[in-house]
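Thanks for making time this morning. I would like to walk through one model with you, beginning at a single residue and moving from there to the aromatic pairs and the nonpolar core.

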Amino acid sequence: MLKHTTKLRVRYGETDQMGIVNNAVYSAYFEVGRTEMFRHLGLPYSEIEKQGIMLPLSELHVKFLRSARYDDELTIETYVEDFPTSRIRFQYNIYNQSGQLLVKGETVLAFLDAQTRRPTRIPPFLADKIAPFFKTHGH
């Protein structure tokens, strides 16, 4: 399994008048988790795009358990359980500084050839980077 953890602090503009994070913001937090995971692997999104691959979002699922609040330090745990083929499924847990689980989520992104705008399989340069994290995979 591929897993990465990153932290961020809730900014004032992400909250409502009561200081609670707006529900729509969590998808942006998920994006932070997955882009930081790729960066940690040495493949920032900018490099993936230079290689001719786009990763559009095809699914977004969020389960709200508790509210995050202004100035909380959040831990975003991002993981990929299954070796990707033509899509990559990310799962997320977001915790506050007290270790309380606030949100669980999942996103699915498709691999798209940037020139043809057609779905494609995981490119070898990415498959090679993540293969060591999976015991068995289709690569």
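**From one strand residue to the core**

Let me start with Ala-110, which is found in strand S6, the strand that runs over residues 101-110; please keep in mind throughout that this is a predicted model. Is Ala-110 buried or exposed? Its relative accessibility comes to 16%, and because the cut-off for buried is under 20%, Ala-110 counts as buried. If we set aside residues up to four places away in sequence, Ala-110 touches Met-54, Leu-55, Pro-56, Ser-86 and Arg-87. As for Phe-90, which will come up again shortly, its C-alpha atom is separated from that of Ala-110 by 11 Å, with the two residues 20 apart along the chain.

Now to the rings. A pair of aromatic rings is described by the distance of the centres and the angle of the planes. Counting as paired those rings whose centres lie within 6.5 Å, we arrive at eight aromatic pairs. One of them joins Tyr-26 and Tyr-29 in an edge-to-face arrangement, with 5.6 Å from centre to centre and 85° between the planes. Both tyrosines lie in helix H1, residues 26-40, where they are three residues apart, or about one turn of the helix. Tyr-26 is buried, with a relative accessible area of 1%, and Tyr-29, at 2% relative accessibility, counts as buried as well.

Phe-30 and Tyr-92 give us a stacked pair, with 4.2 Å between the centres and 5° between the planes. This pair links distant parts of the chain, since Phe-30 sits in helix H1 while Tyr-92 belongs to strand S5, residues 87-95, and the two are 62 residues apart. Both Phe-30 and Tyr-92 are buried, and ring pairs link them with Phe-38, Tyr-45 and Phe-90 into a cluster.

That leaves the core. Which residues touch the most other members of the largest nonpolar core? Of its 34 residues, they are Tyr-29, Phe-38, Leu-74, Ile-88, Phe-90, Ile-94 and Ile-130. At least two residues of this core are supplied by each of strand S1 (2-9), H1, strand S4 (73-80), S5, S6 and helix H3 (124-130), with the largest share, five residues, coming from H1. To finish with Ile-130, and again leaving aside neighbours within four places in sequence, Ile-130 is in contact with Leu-2, Leu-41, Phe-83, Pro-84 and Ile-122.

How values were computed. Residues numbered from 1 in each chain as written. Predicted model: local features only at pLDDT ≥ 70, side-chain atom pairs only at ≥ 80, totals over all residues. Heavy atoms only, no water. Phe/Tyr/Trp six-rings, centres within 6.5 Å; stacked < 30°, edge-to-face > 60°. Helix = DSSP H or I, 4+ residues; strand = E, 2+ residues; numbered from the N terminus. Buried < 20%, exposed > 50% of the residue type's maximum accessible area, 1.4 Å probe, protein only. Contact = heavy atoms within 4.5 Å. Core = buried A, V, L, I, M, F, W, Y, C linked by side-chain atoms within 4.5 Å.
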